[in-house]
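Please find below a short note for a colleague who has not yet looked at this entry. The sequence and the structure come before the comments.

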Amino acid sequence: MSPRYLFLTGKLAEPSLHKVVTQLGESVGFEPQVLDVGVSVAALMHADLVARRLPEETAAGSQKVFVPGWCQGDLGVLSDKFGVPFERGPKDLFDLPEYFGKGARPPIKLDEYDIEILAEINHAPRMSDREILKLASHFRDSGANVIDLGCVPGESWPRVAEVTQLLKQDGFRVSIDSFDRAEVETSVAAGAELVLSCNRSNVEWAAQLDAEFVAIPDAPFGLDSLAEAVDVLKLAGRRFRIDPIIEPIGFGFAASLARYFEARRRWPEIEIMMGIGNLTELTEVDSNGVNFLLAAICQELGIRSVLTTEVINWARSAVKEFDLARRHVFRSIKQRALPKHVDSSLLLLRDPKLREMGDAELRQLAAQIKDPNYRVFVERGEIHVMNRDGYWHGTDPFVLFDQFSAAASEPLAASHAFYLGHELNKAATALLLGKQYTQDEALRWGFLTTEEASAIERRRHSR
C-alpha cells in the first residue's frame with residue numbers, strides 16, 4: 001500500500017495545496033492528506049501551535065507529516081509527541097514537486113571540461129618558498145591544472161630549479177614564464193613541462209630544448225611572425241602550442257579576438273592558449289562575467305588552455321570563476337543547451353529569481369501575529385517588519401528600527417537589537433541588489449556564499 005503523508009497548512013493555502021499534493025501523490029506514489037491547523041496564513045505556523053491543534057489520531061494514521069518551510073520551532077518535539085517523523089517542506093507549496101523530485105530536472109553534473117587552466121604566480125622570485133606553496137595550493141584548490149612560475153624580466157632567478165622541484169614534490173604540474181635561457185633550461189631540467197614563451201627572438205635555442213613551448217607573435221599586430229616561429233618548431237619536431245595574444249580593451253581587443261579566429265582557421269590542428277589575465281586584470285569590472293564569456297569563446301574555438309592570475313582585488317577569485325565557467329560552457333556546447341537555469345554558482349550579485357508573498361498575504365500575516373517576535377521580509381522595493389505591536393515598511397532600516405522599537409510593548413534586549421540590526425543589514429543589502437532575502441538565512445553569493453546559523457540554532461548551541 002502507498003504510504004500516507006499528512007500536509008499541514010493554513011486556510012488560505014489549503015485549496016492550492018490539495019490540488020498540488022493530489023497530483024503529486026499519483027506520480028510519486030503516496031496517499032496525501034491535507035489539514036488546516038487553524039491559522040489563516042501558513043507562514044504563521046509554529047511547532048507549539050501544531051502540538052496543541054493536531055489531533056493525535058490524525059497524526060497516528062500517517063507515515064510522515066510535512067509542515068511548511070516557514071514553520072518555526074523544534075520539529076523533534078513533535079516527532080517525539082506524535083511518534084511520527086515531521087519534516088519541513090519548501091516555503092512555497094508550488095515547489096513541492098521539485099522537493100519530491102518531480103517537475104524539475106535531476107541535478108545536473110558539471111564535472112566535465114577540456115580547457116586547462118594555468119595559474120600564474122606573478123613575480124615568483126620575489127616570494128618565499130612558503131608564499132609560493134601557499135598560493136599554488138590556493139590555485140589548485142580553485143581548479144588550476146598547472147602552476148606557472150612568473151619570472152621577472154631582465155633578471156635571472158638562481159633558485160628557479162629548487163622552487164620547480166619543490167612544487168613538483170608537492171604534486172604540482174609546473175610551467176615557467178621566462179625568456180631567459182638559463183632560467184628556462186634549469187626549470188625544465190627540474191621538471192617544468194611547459195615554457196611561456198618563444199618568438200623569433202629565442203626560437204632557435206628554444207627549438208633545441210626538449211620541452212613544450214608557447215609560441216607567440218613578435219608583436220600583437222598580425223600572425224606572420226608567429227607563423228615563422230611555428231615553422232621552426234615544426235621543423236625541429238618540438239611540442240608547442242600558440243598564443244596570438246589577447247589585447248586589453250582600448251588597445252585592440254576586437255582585432256586580437258579576430259586573430260584567434262584566424263589562427264584557428266589557419267592552423268586547425270595546433271593547440272592554442274589564451275592569456276585571459278589581460279582582460280580580467282586590466283578591466284575594472286567584476287571578473288566572473290568576463291571569465292564566462294572568455295570560456296565560451298575558448299570552448300567554441302577549441303582553445304584548450306588559458307593563462308590567468310589573481311593579482312588585482314576584483315579578480316581575486318578568477319581561477320575558481322574560470323573553473324566553473326569552463327564546466328558550464330563545455331556542457332552547453334556539447335549538449336547544444338543554453339547555459340541557463342543550470343547552476344547559480346557564478347551569480348554573485350543577483351539571485352536567479354525572487355519570490356514574494358504579495359501585499360495581501362503580508363497584511364493578513366501581520367494581522368494574525370500574536371507574539372513579540374519580529375518577522376522581516378523584502379518585497380516590492382521595501383523592507384517589511386511586523387510583530388504583534390504593528391507592521392512597518394520602508395526603505396531605510398534606521399527609520400524602521402526607530403519606528404518598531406518605539407512601538408514595542410517591552411524594551412528590546414541588547415542581544416535582540418543586535419540580531420535585528422544584523423537582519424536589517426542583510427535586508428537592506430538584498431533591497432539594494434535585488435536579491436532574495438529570507439530571515440535567518442545567509443544571502444546567496446554564488447560560490448562565495450558563507451552559510452550562517454539561524455538565531456534558533458545559535459541559541460541552542462550557546463546553552
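The numbered points below go through a small sheet, two residues and the cysteines.

1. The coordinates are those of a predicted model, and the values in this note should be read with that in mind.

2. One open sheet has 3 strands in the order β13-β14-β15, and the pairing is antiparallel. Its edge strands, each paired on one side only, are β13 (375-379) and β15 (390-394). On average, neighbouring strands of this sheet are turned by 15° against each other, with direction ignored.

3. The pairing between β14 (residues 382-387) and β15 is antiparallel and runs over 5 bridges. Within this pairing, N387 has G390 in β15 as its bridge partner. Helix α16 (residues 397-406) packs on the sheet and touches both β14 and β15. The direction of α16 makes about 170° with that of β15.

4. S142 belongs to helix α6, which spans residues 129-142. Is S142 buried or exposed? The relative accessible area of S142 is 8%, and the cut-off for a buried residue is under 20%, so S142 counts as buried. Leaving aside neighbours within four places in sequence, S142 is in contact with V319, K320 and D323.

5. A43 sits in a loop, between β2 (31-36) and α2 (47-53). A43 has a relative accessibility of 14% and therefore also falls under the 20% limit for buried residues. Which residues does A43 touch, not counting those up to four places away in sequence? They are W70, M357 and L365. A further distance concerns V67: A43 and V67 are 24 residues apart in sequence, and their C-alpha atoms are 10.0 Å apart in space.

6. How many disulfides does a search of the whole structure find? The search finds 0. C151 is accordingly in no disulfide, and the nearest cysteine sulfur, that of C198, is 16 Å away. A disulfide needs two cysteine sulfur atoms within 2.5 Å, so the 16 Å between the sulfur atoms of C151 and C198 rules out a disulfide for this pair.

7. Two cysteines can also be described by their burial. C71 is buried, with a relative accessible area of 1%. C151 has a relative accessibility of 11% and counts as buried because this value is under 20%.

Conventions: Residues are numbered from 1 along each chain as its sequence is written. This is a predicted model: local features need pLDDT of at least 70, side-chain atom pairs count only at pLDDT 80 or more; totals for chains, interfaces and linings use all residues. Side-chain values use heavy atoms; hydrogens and water are left out. Helices (H or I, at least four residues) and strands (E, at least two) are DSSP runs, numbered from the N terminus. Buried means under 20% relative accessible area, exposed over 50%, partly exposed in between (1.4 Å probe, protein chains only). Contact means heavy atoms within 4.5 Å. Two strands pair if DSSP finds at least two bridges between them. Axes are lines fitted to C-alpha atoms, for helices over the stretch in contact, and angles run from 0 to 180 degrees between N-to-C directions.
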